[in-house]
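Here is a short report on one protein chain, written for a first look. Keep the model open as you read.

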Amino acid sequence: MIKGLTSIIAGALLAVVAQPIASHAGKYDAQFRQFLANDVVPAAKRAGISQGTLDRELAGLTPDTSLPGLVGPGGKGAPPKVNFQAEFRSPQRYFRDSQFNSLVPGGRRLMQKHAATLQRIEAKYGVPKRIILAIWARESGYGGAKIPHDALRVLATQAFMGQRADFFKGELISALKILQNGDVSRRAMRSSWGGAMGQPQFLPSSYLKYAVDFDGDGKRNIWTSQVDTMASIANYLAAHGWKKGRDWGYEVFLPENISCTREGPDNRQKISKFVREGVKRVSGKPFPGNELNQPGNILLPAGRYGPAFIATNNFYVLKEYNESDTYALFVGHLADRYGSNKAFVADWKPMKDTTRGAVRNLQVRLEGLGHDVGGADGLIGFKTRRSIGKDQEKNGFFATCWVG
């Protein structure tokens, strides 16, 4: 009975979707319609999406093959060699001082404008207002950035021919739930090329779990409500383990006798022990007393070619928002600059850009030598950095923990 009903629904959808694009069919349109009918519709129905919602939202939908990072129908094809996200490019380009200078004044104005509301948000969720504003700034320029894409089309395309098909099929179904609930109109549901929506750039599943109605109008509105946006960011971080009363981290002088291969959250120790080893804050100030007996770890986003940090657990909560050391560091540093205009003390030394494909090849070679790079994904995370350093030391070189 259920199988028969599914076939009828799938056939009806196939017919509806096919009609508007028959005269301008793209290369993958027929396969895409089959994917919607045979894969998405049955899964959506099981998740409680109504036939009316499916007919309304999927009719006429075509894949957007202009999106970066696609590999082919079914996720079959070679992964891209180019780094499309800024977070995975050379750090010295990512941390241009002009970016911080352009974002700080707006953040300070919003901090004053929403002072009372931010105080209530901070009291409820335990996340500092400067961290909330810094994420908001990085994600959408405090809501000023143009969000260019139809979220549903992006998610459907990524589910059809992206690298993480199952993941994006789940996000597509979550987006259909949001539309069915009436939280936002289809026209207003805009996203990035990766499917992140609204001012805090939530994926649909994150919206369903963490978006909050803090302005009391009955809607969880991350598209046009500044208050809901700020509270939703705070709720997300709190739910992912933000520790109230701790900072994200501190720029430090890291003595050369401390190897860069000791980087990483799995090498945490009490901050007081780092102090005994000669680690000092670049500001000249001592570490806060409440931090000394708390765990921290070395963070070197560019190996020995950039500033060094002692990161707290909260740094890795920021990474729950975006799995990139440079992203989390950008947020933490911007948050600090709302209170002062001080840039990083150490320089980001010039280095050549490398492609994701080249990094992936390097990781495969390091794995072949027995190193744990955290997976050959083309991203230069701490496991890759310290693996490079260990290989450098093994071959008699001073470890820089960076490519090249």
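Strand β6 (residues 295-299) pairs with β8 in the antiparallel sense, over 3 bridges. In β8, the bridge partner of Leu299 is Phe309. All of this comes from a predicted model.

Strand β8 (residues 308-311) has a second partner to consider. Strand β3 (residues 249-253) runs antiparallel to β8, and 4 bridges join the two. Here Tyr250 stands opposite Ile310.

Which way do the side chains of β8 point? Ala308 and Ile310 point one way, and Phe309 and Ala311 the other. All four are buried. There is a general pattern behind this: in a regular strand the side chains alternate between the two faces of the sheet.

**Nonpolar cores**

The largest nonpolar core has 90 residues. Leu237, Leu318, Leu334 and Tyr338 have the most contacts inside this core. Helix α8 (residues 151-161) gives the most to the core, with 8 residues. Another core lies apart from it, with 15 residues. Ile310 of β8 is one of the members of that other core, and so are Cys260, Phe274 and Leu300. Nonpolar side chains tend to be buried together in soluble globular proteins.

What does Leu237 touch, beyond residues up to four places away in sequence? The list is Val127, Ile131, Ile135, Trp242, Val317, Leu318 and Tyr321. Leu318 is itself among the residues with the most contacts in the largest core.

**Helix α9**

Helix α9 (residues 165-181) has 17 residues. From its first C-alpha to its last, α9 reaches 24 Å, close to the 24 Å expected at 1.5 Å a residue. Its buried residues are Phe168, Glu171, Leu172, Ile173, Ser174, Ala175, Leu176, Ile178 and Leu179. They pack against α2 (29-46), α3 (51-58), α8 and α10 (204-210). Helix α8 is also the element that gives the most residues to the largest core. Gly182 follows α9, and its phi is positive, near 80 degrees.

**Two buried polar residues**

Ser232 lies in helix α11 (residues 226-239). Is Ser232 buried or exposed? Ser232 counts as buried because its relative accessibility is 0%. A polar atom of the Ser232 side chain lies 3.0 Å from the backbone nitrogen of Val212. Ser232 touches Val212 along with Phe202, Tyr210, Ala211 and Ile222, leaving aside residues up to four places away in sequence.

His371 lies in the loop between α15 (356-368) and α16 (382-394). His371 counts as buried because its relative accessibility is 17%, and the cut-off is under 20%. With residues up to four places away in sequence left out, His371 touches Leu366, Ser387, Lys390 and Asp391.

**Salt bridges**

A search of the whole structure finds 14 salt bridges. Side chains of opposite charge can pair when their charged atoms come close. Three pairs are set out here, with the distance between N and O atoms.

| Salt bridge | N to O distance |
|---|---|
| Glu57 and Arg56 | 2.7 Å |
| Arg262 and Glu277 | 2.8 Å |
| Asp266 and Arg386 | 2.6 Å |

Take the pair of Glu57 and Arg56. Glu57 counts as buried, at 6% relative accessibility. Arg56 is partly exposed, with a relative accessible area of 48%.

Next come Arg262 and Glu277, joined by a salt bridge. Arg262 lies in the loop between β3 and β4 (269-270), and Glu277 in the loop between α12 (271-276) and β5 (280-281), so the pair ties together parts that are 15 residues apart in sequence. Arg262 is partly exposed at 28% relative accessibility. Glu277 is partly exposed too, with a relative accessible area of 26%.

Now turn to Asp266 and Arg386, whose side chains meet in a salt bridge. Why does this pair link distant parts of the sequence? Asp266 lies in the loop between β3 and β4 and Arg386 in helix α16, so the pair ties together parts that are 120 residues apart in sequence. Asp266 is partly exposed, with a relative accessible area of 46%. Arg386 counts as buried, at 9% relative accessibility.

Salt bridges also form a network in this model. Glu263, Lys319, Glu323, Asp325 and Arg385 are linked in it.

Conventions:
Residues numbered from 1 in each chain as written. Predicted model: local features only at pLDDT ≥ 70, side-chain atom pairs only at ≥ 80, totals over all residues. Heavy atoms only, no water. Buried < 20%, exposed > 50% of the residue type's maximum accessible area, 1.4 Å probe, protein only. Pairing = 2+ DSSP bridges. Core = buried A, V, L, I, M, F, W, Y, C linked by side-chain atoms within 4.5 Å. Contact = heavy atoms within 4.5 Å. Expected span 1.5 Å × (residues − 1). Polar contact = N/O pair within 3.5 Å; in protein donor to acceptor, adjacent residues only side chain to side chain. Salt bridge = Lys/Arg side-chain N within 4 Å of Asp/Glu carboxyl O.
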